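Let's take a friendly walk through a few side chains. Keep the model open while you read.

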Amino acid sequence: MFDPQLNERKSDYDWPLAAAVLGLMIVGTAFIFSATESQSLYLHQVLWYVLGIGAAAAACYFEYGSLARWSRFFTGAP
């Protein structure tokens, strides 16, 4: 009567989306590396990737309701 796959717990993580983002990060970094002779821009891009991934992981750690209450403070809205 019911499909047995309905009882399976699906992963909350979207692996194809993560792979696409990682691929775009690699391509973007490769473009910057090939377009510039200075490695400082390349290293800045990698640093921002690391900081962005860290901020995203920190945002996933907190409950949505607490983030919504503090959203005006984080955005500087009145």
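## F73 and its partner

F73 is exposed, with a relative accessible area of 61%; exposed means over 50%, buried under 20%, and partly exposed in between (1.4 Å probe, protein chains only). By that yardstick W70 counts as partly exposed, at 48% relative accessibility.

These two rings, W70 and F73, make an aromatic pair, sitting 5.7 Å centre to centre with 80° between the planes, which is edge-to-face. For the pairing rule, rings of Phe, Tyr and Trp (its six-membered ring) need centres within 6.5 Å; planes under 30 degrees apart are stacked, over 60 edge-to-face, and the rest tilted.

## The other rings

How many aromatic pairs does the rule give? The count is 3. One of them joins Y61 and F62: the planes are at 80° and the centres 5.5 Å apart, so this pair is edge-to-face. Y61 is exposed at 68% relative accessibility, while F62 is partly exposed at 46%.

## Over to T29

T29 belongs to helix α1, residues 15–35 (helices are DSSP runs of H or I, at least four residues, numbered from the N terminus). Is T29 buried or exposed? With a relative accessible area of just 10%, T29 is buried.

Its side chain reaches the backbone oxygen of M25 at 2.8 Å. Setting aside neighbours within four places in sequence, T29 touches Y42, Q45, V46 and Y49, where contact means heavy atoms within 4.5 Å.

## About the model

This is a predicted model, where local features need pLDDT of at least 70 and side-chain atom pairs count only at pLDDT 80 or more, while totals for chains, interfaces and linings use all residues. Residues are numbered from 1 along each chain as its sequence is written, and side-chain values use heavy atoms, leaving out hydrogens and water.

Conventions:
Helices (H or I, at least four residues) and strands (E, at least two) are DSSP runs, numbered from the N terminus. A polar contact is a pair of N or O atoms within 3.5 Å; within protein, one must be able to donate a hydrogen and the other to accept it, and residues adjacent in sequence count only if both atoms are side-chain atoms.
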